[in-house]
Amino acid sequence: MSATRSTAVKRISISDLQVMRDKSQPITMVTAYDYPSARIVDQAGLPIILVGDSLGMVVLGYDSTIPVTVDDMIHHGKAVVRGAKRAHVVVDMPFGSYQTGWQDAMRNATRIMQETGAGSVKLEGGVRVAETVHRLTEAGIPVMGHIGLTPQSVNQFGGFKLQGKTPREAVAVIADARALEEAGAYAIVLETVPTALAHMITQRVKVPTIGIGAGPFCSGQVQVFHDMLGLYEDFKPKHARRFVQGAQVLRDALVEYREAVETKEFPSAAESFYMDERALALIERMAPPVPQEAEDLSEAADVLEDALESLRSASRSASGNSAG
Ligand code: KIV
């Protein structure tokens, strides 16, 4: 066996995340959907990357997450896993990939894990998906739960609305959290619920809670990459903070590029490639002379037009002859 130590970065595991929660170290999670963004997130030291089905809205331009497929998640998940060397990568199970029963969930989660190389999957729902979560975790597939405002049920909720506001609703959300924990979920996302409710749940479960619009008392926070970097301008959820006006920064850079091209300031000599002077002289001697742009080309067009006309008249007289 080789005595040399591997220099590979150790990827964060679900046990590392539990240790962070137990030591009250806040856990930061953000979404990413491709190789370059995953690299940036990884280099910034965030411990969890979520390949969220929010990609349906922020990357693919749909109105909701409903149209996203397992193949979409695998395509983006693979790119993220290639880009992230250290972060734990969790991939969302999209709408329709687990609601039809644990057997379908098992088949789709297995594909996602095998084909992307991700560390876990996330699915939405509490009590109603507890059996599925239990089956997956029993089979060795780590599952992150997601309760409160679950975007795949947006049509059921009648919009992106605060969940758990009334005592009855709040008790149901607490029951969902408990059911997920008992079923073996290693962490639970709490989305758009009152701060006090998220606090209560965080005190009542032993696994990390990751909040989005759930206040500061969760074990960690998750944000959508395009929201927090100001890249998605169609809509800004109340819970999102733009840490940079990304779309504006990019637009300014693109305008600068266009202007540099239009003024012929780009590319400069330093951005261009040159060849040996003697080789150039030789090529100029060997290559046919450059046509004299405008006049020569219009002359060529006239010659072509004449040639076409004589062909047309030859074919006219030929057909006249055969008809006679
Ligand atoms: O898909 C997603 O981005 C999510 C987060 C909002 C948690 O599920």
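## Strand S5, inside the fold

How many of the six residues of strand S5 (residues 143-148) are buried? Six of the six are, so this strand is largely enclosed by the rest of the structure. Keep in mind while looking at it that this is a predicted model.

The two sides of S5 are easy to pick out. Val143, Gly145 and Ile147 point one way, while Met144, His146 and Gly148 point the other way, and all are buried. In a regular strand, side chains alternate between the two faces of the sheet.

## Neighbours of S5

S5 has a parallel partner in strand S4 (residues 120-122), with two bridges between them. If you want a spot to start from, Lys122 stands opposite Met144 in S5. Getting from S4 to S5, the chain goes through helix H6 (residues 130-138), and this β-α-β crossover is right-handed.

S5 also pairs with S6, again in the parallel sense, this time over five bridges. Here Met144 turns up once more, standing opposite Ala187 in S6.

## From S6 to S8

Strand S6 (residues 187-191) pairs with S7 in the parallel sense over four bridges. One residue pair to look for is Leu190 and its bridge partner in S7, Gly211. Together, S6, helix H9 (residues 195-204) and S7 make a right-handed β-α-β unit.

Strand S7 (residues 209-212) has Thr209 and Gly211 pointing one way and Ile210 and Ile212 the other way, and all of them are buried. S7 then pairs with S8, also in the parallel sense, over two bridges. Across that pairing, Ile210 stands opposite Gly220 in S8.

## Gln221, a residue in S8

Is Gln221 buried, partly exposed or exposed? Gln221 sits in strand S8 (residues 220-223) and is partly exposed, because 18 other C-beta atoms lie within 10 Å, and a buried residue needs 20 or more.

Leaving out residues up to four places away in sequence, Gln221 touches Thr28, Ile210, Gly211 and Ile212. Glu191 is 30 residues from Gln221 in sequence, and their C-alpha atoms are 10.0 Å apart in space.

## Around the ligand

Which residues surround the ligand? They are Thr31, Leu50, Gly52, Asp53, Ser54, Asp92, His146, Val189, Glu191, Ile212, Val222 and Val224. By character, this shell divides into five nonpolar, four polar and three charged residues.

Some of these names have come up already. His146 is one of the buried residues of S5, and Ile212 is one of the buried residues of S7. Ile212 is also among the residues that Gln221 touches.

## The nonpolar core

Nonpolar side chains tend to be buried together in soluble globular proteins. In this model, the largest nonpolar core has 70 residues, and Ile49, Val89, Ala185 and Ile188 have the most contacts inside it. Helix H8 (residues 167-183) gives the largest share of this core, with five residues.

Ile49 is a handy place to zoom in. Apart from neighbours within four places in sequence, Ile49 is in contact with Val30, Ala32, Ala38, Val41, Val80, Ala84, Ala87 and Val89. Val89 is thus both a contact of Ile49 and another of the residues with the most contacts inside the core.

## The whole chain

Stepping back, the protein has 13 helices and eight strands. Of its 324 residues, 37% count as buried. Among contacts with a separation of 6 or more, 59% come from residues 24 or more positions apart.

Definitions and conventions:
Residues are numbered from 1 along each chain as its sequence is written. This is a predicted model: local features need pLDDT of at least 70, side-chain atom pairs count only at pLDDT 80 or more; totals for chains, interfaces and linings use all residues. A residue is near a molecule or strand if its C-beta atom, placed from the backbone, lies within 6 Å of it. Ala, Val, Leu, Ile, Met, Phe, Trp, Tyr, Cys and Pro count as nonpolar, Asp, Glu, Lys and Arg as charged, and the others, Gly among them, as polar. A nonpolar core is a set of buried Ala, Val, Leu, Ile, Met, Phe, Trp, Tyr and Cys residues joined through C-beta atoms within 7 Å. A residue is buried if 20 or more other C-beta atoms lie within 10 Å of its own, exposed if 12 or fewer, and partly exposed in between; C-beta atoms are placed from the backbone. Two residues are in contact if their C-beta atoms, placed from the backbone, lie within 7 Å. Two strands pair if DSSP finds at least two bridges between them. A crossover is right-handed if, with the strands pointing away from the viewer, the path from the first strand over the helix to the second runs clockwise.
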